Amino acid sequence: MSSIRKRSRVVDVLLRVLPSVVIFALCLVAWELWVNIRDVPAYLYPSPSDIGKELRDEGLSLAVDDLRWTMTEAVLGFLLGSAVALFTGIVFVHAKFLERVFFPWAIVLQTVPIVAVAPLLTIWFGFTLTPKVLIAALICFFPVLVNATKGLRSISSQAVELMSILSASKWSLFWRVRIPSSLPYVFAGLKVASTLSVIGAIVAEFTGADRGIGFVIIQASYRLDTRLMFAGIALSSAAGVVFFNIIGALERLALRWPDARLDR
Amino acid sequence: MTSSGGIAIEGVSKQFGGSQGVTALDGIDLNISGGEFVAIVGPSGCGKSTLLRIVGGLLEPTSGHVYVGGKTSGQARRDVEFGFVFQQPTLFPWLRVLGNVLLPDRVLGRRNPNNGPNSKDIAQELLRDVGLEGFEDHYPGQISGGMQQRVALARALSYGPNTLLMDEPFGALDEFTRDRLNLQLLEVCNKTGSTVLFVTHSIQEAIFLADRVVMLSPRPGRITRVAEVPFPKPRTLEIRYEPGFAALAGELRGLLVGDDDIELAMNQP
Ligand SMILES: Nc1ncnc2c1ncn2[C@@H]1O[C@H](COP(=O)(O)OP(=O)(O)O)[C@@H](O)[C@H]1O
Ligand SMILES: [Mg+2]
């Protein structure tokens, strides 16, 4: 009974991802054919099979030496940016005045081009972990803040009245009502942030690093080593997808009730 | 359960939005004795919800006073003497049915007279009373609107409040569900001896449930009539076919037929 159910769930998942896998495979085939038929220079446009070879030869060392580093930066930045954003959202919801004062600055923070801020941070902090984590945190901050604020506000006036009839404390209202009703929004924000954090880390590495996928890509570009560049791109996006899905799995664990997840 | 204290509403008025604002209620006087079931009827916008919120200590009147069992309504609210059933079920979607009924217990802790090792049993018994046995582990999103409203009723009763305030709780339900819930409500109230203030826009429902029916007129909300309902309790659905029932319903309906309230009166079942 349970094995049947399990198998059918596996089949379900396969069927769900199959279309996107097929499209991806078709694109690779078209790319491969185009490179071969047009006879374009391989050092400019490497074929998927060349990139595959590169990944086979270099993938492991890239993953261990550089991707691990980049993802450490991304995850730390994600945690820092999301935590600060959640805290700020909680403050905003309890003090409208502070929101009026500081939200415009949150927008400014969001519109500041991070490619311009990253070199600054590198000047200040050197080739260390810090500027990368800060850039990843910066890029994660806004989507989590906007979603958390919206979620914390998503309670109905009747829910507040119900808690008031129960003579509940502000604390109780916060933990029993505001926090759970904000979770669907918070997770929507965290999922966006999880993908952005990898981008943030890589951009920060461009401006000064001695390891990491961003460092590998920028070094490879000086040598016109497009194969290695593509290998780096492939690895970092694969890691981003994995990170996104880990957050998605946490979301499924946390949001068990029907229609809880916003993007379904 | 002990019989609860009454409600004294003394000269209650409520204006919204400053001096030139809407006068929602104007000089409401009403005395409700402990254990009495009073229904408030009026067209929408006449201040029924506002009155209920003022009685429940959720809203301050512009002038006048409300005493519940000798306390101000604010004090009575802080002492958790009210059960409130809103027009929408207002369940928490992340809690299962049983969890929603147990919410007051979780919030109140030792302040809940039913708190203790068997508070879960009490919640389960209440769910049985409102006909929801076997749905304890469903989420609100998995049951119908009528069932959700019954969960809300069980939740309001779960901590044994002296006074039940109900704001058109069955307004959105179909007739059959509504009949069944009306019967269940009478049964439960008979058991607990709570004082009930029940808002509805259905004259039929009001007469069927209440010991007294209070008619409210709109803009500004004023009491136009307080009618005793002559049928003894316990009641069955059949009383609705007695001549006295139709006569009283007709009489009260006549009060509603003002200038722009004709449509509402025509729509009454
Ligand atoms: N919070 C509020 N602010 C301003 N006006 C309100 C508010 N609540 C109710 N009113 C007004 O008071 C009047 C009575 O409202 P309400 O008590 O909800 O009526 P009912 O429940 O009988 O339909 C309406 O005209 C409504 O617009
Ligand atoms: Mg109303």
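## Two chains, two domains and a ligand

Between domain 1 and domain 2 of chain B, the count comes to one salt bridge. This is a predicted model, and the briefing below walks through three places in it: the seam between the domains of chain B, the surroundings of ligand 1, and the interface of chain A with chain B. That last interface also has a count of one salt bridge.

**How chain B is divided**

- Domain 1 of chain B is made of two stretches, 7-81 and 161-266, while domain 2 covers 94-160.
- Taken over C-alpha atoms, the centres of domain 1 and domain 2 of chain B sit 25 Å apart.
- On the domain 1 side, 16 residues of chain B take part in the contact, and domain 2 of chain B puts in 15 residues.

**The seam between the domains of chain B**

- Domain 1 and domain 2 of chain B bury about 1300 Å² between them, with carbon and sulfur atoms giving 68% of that area.
- Three residues stand out on the domain 1 side: B:Val80, B:Pro161 and B:Val188 supply 37% of the area it buries against domain 2 of chain B, more than any other three residues.
- The salt bridge pairs B:Lys191 with B:Asp129, and their closest N and O atoms are 2.9 Å apart.
- As for polar contacts, two residue pairs turn up across the interface of domain 1 and domain 2 of chain B, both at pLDDT 80 or more.
- Strand S7 (163-167) and helix H6 (175-192) of chain B are the elements that give two or more residues to the side of domain 1 that touches domain 2.
- H6(B) makes the largest share of that side of domain 1, with seven residues.
- Sorted by class, the residues on this side of domain 1 of chain B come out as 10 nonpolar, three polar and three charged.

**Around ligand 1**

- The residues surrounding ligand 1 include a run of chain B names: B:Pro43, B:Ser44, B:Gly45, B:Cys46, B:Gly47, B:Lys48, B:Ser49 and B:Thr50.
- B:Phe16, B:Val22 and B:Ala24 are also among the residues that surround ligand 1.
- B:Gly47 uses its backbone here, with an N or O atom 3.1 Å from an oxygen atom of ligand 1.
- B:Ser49 brings in its side chain, where an N or O atom is 2.7 Å from an oxygen atom of ligand 1.
- For B:Thr50, a polar side-chain atom lies 2.5 Å from an oxygen atom of ligand 1.

**Where chain A meets chain B**

- Chain A gives 19 residues to the contact and chain B gives 26 residues.
- About 2000 Å² is buried between chain A and chain B, 67% of it on carbon and sulfur atoms.
- On the chain A side, A:Gln158, A:Ile165 and A:Leu166 lose the most area to chain B, and together they account for 34% of what that side buries.
- The salt bridge joins the side chains of B:Arg53 and A:Glu161, at 2.6 Å from N to O.
- Seven residue pairs are in polar contact across the interface of chain A and chain B, both residues at pLDDT 80 or more.
- In chain A, helix H6 (157-165) and helix H7 (170-206) are the elements that give two or more residues to the side that touches chain B.
- H6(A) has the largest share of that side of chain A, at seven residues.
- By class, the side of chain A that touches chain B holds 10 nonpolar, six polar and three charged residues.

Definitions and conventions:
Residues are numbered from 1 along each chain as its sequence is written. Chains are lettered from A and ligands numbered from 1 in the order in which they are written. This is a predicted model: local features need pLDDT of at least 70, side-chain atom pairs count only at pLDDT 80 or more; totals for chains, interfaces and linings use all residues. Side-chain values use heavy atoms; hydrogens and water are left out. Domain bounds come from an automatic or database domain assignment. Contact means heavy atoms within 4.5 Å. Buried area is the accessible area (1.4 Å probe) that two parts lose on being put together, summed over both. A salt bridge is a side-chain nitrogen of Lys or Arg within 4 Å of a carboxyl oxygen of Asp or Glu. A polar contact is a pair of N or O atoms within 3.5 Å; within protein, one must be able to donate a hydrogen and the other to accept it, and residues adjacent in sequence count only if both atoms are side-chain atoms. Helices (H or I, at least four residues) and strands (E, at least two) are DSSP runs, numbered from the N terminus. Ala, Val, Leu, Ile, Met, Phe, Trp, Tyr, Cys and Pro count as nonpolar, Asp, Glu, Lys and Arg as charged, and the others, Gly among them, as polar. A residue is near a molecule or strand if one of its heavy atoms lies within 4 Å of it.
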